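Colleague: I am learning how people talk about ligand sites. Could you show me one and let me ask about the words you use?

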Amino acid sequence: MNIAIVCYPTFGGSGVLATELGKVLAEKGHNIHFITYQQPVRLSGFHANIFYHEVRVPTYPLFDFPPYETALASTMVDVVNNNDIDLLHVHYAIPHAAAAYMAKQILAKQHKNIPVITTLHGTDITLVGRDKTYSPVVTFSMEESDILTAVSHNLKEETYKYFTINKPIEVIHNFVDVDRFHRKPVDAFKKLIAPKGEKIIVHASNFRKVKRVMDVVKTFLLINEKIHSKLLLIGDGPERPEIEAFTRGCEDCAEIKFLGKQEQMEDILPIADLFLLPSEYESFGLAALEAMAAEVPVISTNAGGIPEININGYSGYMSNVGDVEDMAKNAIKILESEETHQQFRSNALAQAKKFDIQNIVPQYEHLYETVLSEK
Ligand code: GMT
């Protein structure tokens, strides 16, 4: 199949998932055309059947807000027409689903029926999408998509809760390439970070409010009172300056390191002992799944779709949002005994395997085949 994938090229989970999907589909022999405004961060190296089409948004003095959506829809039409595209798969509804609708209508006038698959990822529904600034367009473009998918059962429920739509939503969970993340930790790297054998605790996110990164710091400080540890904060975003300022002014925060944005999570996660995800909401929590694939137990909240991947008392523990004492208590429970830690590590890996790329990607291929057979 010739598939066009539209996504955000940044470190956000939707872009990561879309890029990984495109890469594995290409390995399976499909031709993949990414349409984004920048090369996706996880798209490195040469792949013979992966193509990247940049959306250019020319500026003009009249434009206080360059019309990205128009440029995107036009690029979609161009890519479809010049690459024999069979279907458009857009990730994150805003503005991709609306731009895809526009492209579909333009192509229909040219007697081409191009199915649109929209995958909902989370904040496009729960935070941004339901705001009345966007909701009429999001509702309409979801209805007009040929197929709608959500990355968790929770996100499907949230979509029906916030939007009046009649469309069925298929749940296809996020996935991870377990073989890529399940690596032997590099001892020299581990020693560099934790020279005295301290435990290594990791958090990775886009440092938005919804991630509650301050809870990561608070939980870590409580853990560190009992078990000597190091905290690696990976990623960047609006909350980082405040968190960084806090840690600079706090004596106990010397063990906290900000690594910034990192592309090769599979190199870092294997040296971790624990992953913290105290989010207020996660439709799924792809970052936690990647940690689990690296055999790292997860201490998280029980918000949104997280209970669909992190099993309490098995692959990690879950607490109520904001309950840093409970999160720290659970982390200590795992870390204080080598035997318990090892058990949680293997459970986390076993749990991640359920979401292995090989199990989930065929579900997307099946959807593509279905929608094309109905054309
Ligand atoms: O987590 C973010 O803020 C980024 C966001 C995105 O769309 O890029 O992530 C969402 O999609 C991921 C991939 O499907 C999910 O694993 C994340 O849980 C989800 N984030 C939220 O729901 C907050």
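Colleague: Which residues surround the ligand most closely?

Modeller: The ligand has 17 residues around it, and the closest are His 121, Asn 206, Lys 211, Glu 282 and Ser 283. Being near here means having a heavy atom within 4 Å of the molecule. This is a predicted model, where local features need pLDDT of at least 70 and side-chain atom pairs pLDDT 80 or more, while totals for chains, interfaces and linings use all residues. Residues are numbered from 1 along each chain as its sequence is written, and side-chain values use heavy atoms, leaving out hydrogens and water.

Colleague: What makes the pair between Gly 13 and the ligand a polar contact?

Modeller: A polar contact is a pair of N or O atoms within 3.5 Å. A backbone N or O atom of Gly 13 lies 3.1 Å from a ligand oxygen, so the pair fits that definition. The side chain of Asn 174 also has an N or O atom 2.9 Å from an oxygen of the ligand.

Colleague: Why is the ligand said to lie between two domains?

Modeller: Domain 1 (2-175 + 356-373) and domain 2 (178-353) both contribute residues to the shell, so the ligand lies between them. Those bounds come from an automatic or database domain assignment.

Colleague: What is the make-up of that shell?

Modeller: It has five nonpolar, 10 polar and two charged residues. Ala, Val, Leu, Ile, Met, Phe, Trp, Tyr, Cys and Pro count as nonpolar, Asp, Glu, Lys and Arg as charged, and the others, including Gly, as polar.

Key: A polar contact is a pair of N or O atoms within 3.5 Å; within protein, one must be able to donate a hydrogen and the other to accept it, and residues adjacent in sequence count only if both atoms are side-chain atoms.
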